[in-house]
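Visitor: Please take me through this structure. I would like each label set against its cut-off.

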Amino acid sequence: MLRLRSASRCFGRDPVFTGLDLDVPAGTRLLVTGGNGSGKTTLLRCLAGALSLTGGEATVAGHPAGSAQARRVLAACLSPEQGLYNKLSGHDNLMLVARLRLGGRAAARAVGQVQEEFEIGPYAERPMERCSAGMRARVSVARALLGGPAALLLDEPGRSLDERARGLLWAALDRRPELACVLVSHQREDRGRCGRVMTLPVRR
């Protein structure tokens, strides 16, 4: 589902990672770890197509990362507390994306499902600017799951989530066993929930 071949990314003359090969089949839960500056977020951004590789190839379901075909099957939550429309409510943030991805009645059903999964209902009508970081993170992760993506990228989703919300996140992932998920996390419990772990070295 997600693939890197001889992938490298540099900023100027400074390499972040080089010669990286990676295969993430459907149903895989891959935890990416490493020290500060090892390139964990950069790796996710390259898989999402938000950042170009310096060399090598990144594909999603056989399509170049960042292409229209790749975006149809890949969802990313790279800034869980950010990237929302702060003047809109949580419900409206979800509906906006659901209408774009699904349209019609399917959008309302999908939003209702993720609101229930992440227990967003109590503050669904509150503007995001009046919500805590944890509330915003729930909405952001829920939004990424709208439309049934085949692959998901998560960058420190539990950073602002309490224990209850982290449990809701993993329950949602467990309901989607075919979903390929690449997760950057420092949460100890996430390691036990992932079938694979990849550690990126820090380059000095």
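What follows is a conversation about helix packing, cores and single residues.

Guide: This is a predicted model, in which local features need pLDDT of at least 70, side-chain atom pairs count only at pLDDT 80 or more, and totals for chains, interfaces and linings use all residues. Residues are numbered from 1 along each chain as its sequence is written, and side-chain values use heavy atoms, with hydrogens and water left out.

Visitor: Why are α3 and α5 called roughly parallel?

Guide: Look at the angle. The axes of α3 (residues 90-101) and α5 (residues 133-145) cross at roughly 15° and come within 10 Å. Axes are lines fitted to C-alpha atoms, for helices over the stretch in contact, and angles run from 0 to 180 degrees between N-to-C directions. Under 35 degrees counts as roughly parallel, over 145 as roughly antiparallel, 65 to 115 as roughly perpendicular, and the rest as oblique. Therefore α3 and α5 are roughly parallel. Helices here are DSSP runs of H or I with at least four residues, strands are runs of E with at least two, and both are numbered from the N terminus.

Visitor: What is the handedness of the crossing of α3 and α5?

Guide: Right-handed. A crossing is right-handed if the near helix is turned clockwise from the far one by less than a right angle, and left-handed if anticlockwise.

Visitor: Which residues of α3 and α5 meet?

Guide: From α3 come Gly90, Asn93, Leu94, Val97 and Arg101. They meet Val139, Ala142, Arg143 and Ala144 of α5. Contact means heavy atoms within 4.5 Å. By class, the α3 and α5 contact has five nonpolar, two polar and two charged residues. Nonpolar covers Ala, Val, Leu, Ile, Met, Phe, Trp, Tyr, Cys and Pro; charged covers Asp, Glu, Lys and Arg; the others, Gly among them, are polar.

Visitor: What makes α3 and α4 oblique?

Guide: Again, the angle. α3 packs on α4 (residues 104-117) at about 135°, with the axes 9 Å apart. That value is outside the ranges for parallel, antiparallel and perpendicular, so α3 and α4 are oblique. The crossing of α3 and α4 is right-handed. In this contact, α3 offers His91, Leu94, Met95, Ala98 and Arg99, while α4 offers Ala107, Ala108, Val111, Val114 and Gln115. The classes are seven nonpolar, two polar and one charged.

Visitor: How do α5 and α6 lie, and at what angle do they cross?

Guide: Their axes cross at roughly 5° and come within 11 Å. So α5 is roughly parallel to α6. Arg138, Val141 and Leu145 of α5 meet Arg164, Ala165, Leu168, Leu169 and Ala172 of α6. This contact of α5 with α6 has six nonpolar, no polar and two charged residues.

Visitor: What makes a set of residues a nonpolar core?

Guide: The members are buried Ala, Val, Leu, Ile, Met, Phe, Trp, Tyr and Cys residues, joined through side-chain atoms within 4.5 Å. The largest core has 37 residues, and Leu94, Phe118, Ile120, Leu146 and Leu152 touch the most other members. β6 (74-77), α3, α4, α5, β7 (151-155), α6 (163-174) and β8 (180-184) each supply at least two residues. The largest share, six residues, comes from α5.

Visitor: Which residues does Leu146 touch?

Guide: Beyond four places in sequence, Leu146 is in contact with Leu94, Val97, Ala98, Arg101, Ala110, Val111 and Val114. A second, separate core of 27 residues includes Leu2, Phe17, Leu20 and Ala151.

Visitor: How do you know that Glu117 is buried?

Guide: Buried means under 20% relative accessible area, exposed over 50%, and partly exposed in between (1.4 Å probe, protein chains only). Glu117 has 7%, so Glu117 counts as buried. Glu117 sits in α4. Beyond four places in sequence, Glu117 contacts Leu168, Ala172, Arg175 and Arg176. The C-alpha atoms of Glu117 and Ala172 are separated by 6.6 Å, although these residues are 55 apart along the chain.

Visitor: Why is Glu119 called partly exposed?

Guide: Its relative accessible area is 33%, which lies between the two cut-offs, so Glu119 is partly exposed. Glu119 is in the loop between α4 and α5. Its phi is positive, about 50°, although Glu119 is not a glycine.

Visitor: Is Glu156 buried or exposed?

Guide: Buried, because its relative accessible area is 11%. Glu156 lies in the loop between β7 and α6. Phi of Glu156 is also positive, near 50°.
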